[in-house]
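Please look over the sequence and the fold before reading on. The report below is meant for someone meeting this structure for the first time.

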Amino acid sequence: MLIKLPRSSECKASEITPEGIYLSRRTLLGGSLAGLALGALPSMAPGWFSEKLAATRWQAVTVKGEAITPFKDATHYNNFYEFGPDKGDPAANGDSLKTEPWSVVVDGEVGKPGRYALEDFVKPYQLEERIYRLRCVEAWSMVIPWLGFPLAQVLKQVEPTSKARYVRFETLKDPDHMPGQRSGFALIDWPYREGLRLDEAMHPLAILAVGMYGRELPSQNGAPLRLVVPWKYGFKSIKSIVRISLVAEQPGTTWEGLAPDEYGFYANVNPTVDHPRWSQARERRLPSGLFSPNVRETQMFNGYADEVASLYTGLDLRKNY
């Protein structure tokens with residue numbers, strides 16, 4: 001069953017301008033659409049994902065004013081430096097990623113640490129569709145329909161101890177299959193690392209995604225498991241996760257370590273706090289071109305302020321950017 005959590009700021013399906021399979025899905029509301037979604041899957045989709053998708057009931061609710069980013073744009077304009085520094089490199093080089101077998105380590109301040117095969121890690125959870133805005137710190141944005149489950153469900157199941165205050169994430173380090181890790185780009189000390197405060201990680205908007213657009217997550221978008229935190233800049237949503245650690249102290253993160261004056265730990269979307277080299281007040285919504293620019297005002301917390309602003313009561317968001 002697909003569980004929807006309607007909110008005033010959430011992008012939803014039926015009044016969004018659809019793309020690809022969403023055009024077909026709207027004509028079949030009220031019927032079972034698992035077959036349609038499965039028909040869009042790559043033939044090599046793992047069995048556990050196909051089974052999860054087949055058990056999903058697609059629903060549509062309404063909101064105005066947003067358009068789903070075309071699948072090609074969402075999968076061919078990416079930052080995933082493990083595959084190279086250019087926007088097209090992840091799609092060009094992502095086929096080299098080996099996602100089977102895949103395991104996730106959960107450790108640190110938890111009562112139930114362990115290493116889990118991906119299919120066992122995902123098994124307890126129902127897939128949900130979340131259509132979220134994605135805002136890059138580089139001032140471009142998309143709207144993407146993700147398939148995943150709340151991060152809070154995972155954290156509750158592993159039983160955080162009283163010392164747990166933050167969640168640290170780590171991506172795969174595999175230079176044999178991730179050519180960007182061989183390049184020395186930006187002096188990144190691989191693996192890529194990110195983190196959240198525990199209360200942020202427990203927020204119902206934060207999800208772990210295994211799919212998008214009704215199909216398996218492509219390599220260039222973070223296969224087979226990525227974080228999605230829609231009120232933060234995209235670099236917080238770490239891809240190809242292999243380790244989730246609950247820790248007592250604020251963890252070091254990759255971009256904060258490289259350029260702390262440009263990329264803070266919180267990385268909340270904030271149009272009033274500019275990047276040192278460009279304004280954050282406006283964004284370029286893809287697709288967008290020279291003769292048909294699609295530029296709009298950036299919303300505080302990427303439009304999710306009603307849901308998440310209370311997390312930061314009393315916190316100076318200019319200092320804690």
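What follows describes the overall make-up, the core and some salt bridges.

The model is predicted, so local features need pLDDT of at least 70 and side-chain atom pairs count only at pLDDT 80 or more, while totals for chains, interfaces and linings use all residues. Residues are numbered from 1 along each chain as its sequence is written, and side-chain values use heavy atoms, with hydrogens and water left out.

The protein has ten helices and twelve strands (DSSP runs, H or I of at least four residues for helices and E of at least two for strands, numbered from the N terminus). Of its 321 residues, 56% are buried, where buried means under 20% relative accessible area, exposed over 50% and partly exposed in between, with a 1.4 Å probe and protein chains only.

The largest nonpolar core (buried Ala, Val, Leu, Ile, Met, Phe, Trp, Tyr and Cys residues joined through side-chain atoms within 4.5 Å) holds 82 residues, and Phe121, Phe149, Leu208 and Trp231 have the most contacts inside it. Strand β4 (residues 140–150) gives the most to this core, with seven residues.

By the rule that a side-chain nitrogen of Lys or Arg lies within 4 Å of a carboxyl oxygen of Asp or Glu, the count comes to 15 salt bridges, including these:

| Pair | Closest N to O |
|---|---|
| Glu138 and Lys87 | 3.0 Å |
| Lys112 and Glu159 | 3.5 Å |
| Glu297 and Arg282 | 3.1 Å |

Glu297 lies in strand β12 (residues 295–297) and Arg282 in strand β11 (residues 282–285), so this pair ties together parts that are 15 residues apart in sequence. Glu297 is exposed, at 55% relative accessible area, whereas Arg282 is partly exposed at 45%.
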